[in-house]
Amino acid sequence: MEESPTPGMPGSALRRVFYVSLSRTEPASVEPLLERSRANNRRDGITGVLLYSGGAFAQLLEGDAPAVAAVLARIAADPRHTAMRVLLDEPAQERLAAQWTMRLVQEDGADDLLRLLVQTAGVDVGRARQLLARMTGLSPAAPAAP
Ligand SMILES: Cc1cc2nc3c(=O)[nH]c(=O)nc-3n(C[C@H](O)[C@H](O)[C@H](O)COP(=O)(O)O)c2cc1C
């Protein structure tokens, strides 16, 4: 069911981006959005994790720098969410979510942190890394969801 995404070419630069945003879509629309995203990400060699909770998103995207730039531009222009704030944007040595074309997680424990990051003006890098660590360590929202 789950396929390994194409790994980056040797020598290509890996880019990691982590952002938060506010959802403008119904919960029922998240699954179709994910289906499409996973197909695209498999094609583009993008891996990551999406947290959807309390009407807000947090998303980790990682892949070859040009592929990440392209998906980020599409996501930034997507009217299904708003108030997008990039918390981390950095070169990476390795993927944190190498097996996931886009893993969906839902975790009540991460809610407060997510809300804080969405509401706080400016970027709190320490808290952003805290949330990212929680997301990459969490179990999937649904057992069957990759
Ligand atoms: C919160 C959120 C996360 C998204 N994540 C991805 C993603 O990981 N990959 C992707 O291709 N599109 C993602 N999208 C959808 C893009 O904004 C865009 O609709 C899509 O890439 C267009 O692809 P299509 O031309 O195949 O329809 C996301 C959208 C939202 C609102």
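## Strand pairing

Two strands pair if DSSP finds at least two bridges between them. Strands are DSSP runs of E, at least two residues, and helices are runs of H or I, at least four; both are numbered from the N terminus. By that rule, β2 and β5 pair in the parallel sense over 3 bridges. In β5, Arg103 is the bridge partner of Val49.

This is a predicted model: local features need pLDDT of at least 70, side-chain atom pairs count only at pLDDT 80 or more, and totals for chains, interfaces and linings use all residues. Residues are numbered from 1 along each chain as its sequence is written.

## The sheet and α4

The sheet is open and has 5 strands, in the order β4-β1-β3-β2-β5, with mixed pairing. β4 and β5 (103-105) are the edge strands; each has a single partner strand, so one side of each lacks a neighbour in the sheet. From one strand to the next, the twist averages 15 degrees.

Helix α4 packs on the sheet and touches β1, β2, β3, β4 and β5. Its direction makes about 80 degrees with that of β3. Contact means C-beta atoms, placed from the backbone, within 7 Å. Axes are lines fitted to C-alpha atoms, for helices over the stretch in contact; angles run from 0 to 180 degrees between N-to-C directions.

## The two sides of α3

Helix α3 (residues 111-119) has Leu113, Leu114 and Leu117 as its buried residues. They lie on the same side of α3 because they cover an arc of only 100 degrees around the axis, taken from the directions from the helix axis to the C-beta atoms. Asp112 and Gln119, on the other side, are exposed. Buried means 20 or more other C-beta atoms within 10 Å of the residue's own, exposed 12 or fewer, and partly exposed in between, with C-beta atoms placed from the backbone.

The buried residues of α3 pack against β1 (14-23), β2 (47-53), β3 (56-64), β4 (81-92) and α4 (125-137).

How values were computed
Two residues are in contact if their C-beta atoms, placed from the backbone, lie within 7 Å.
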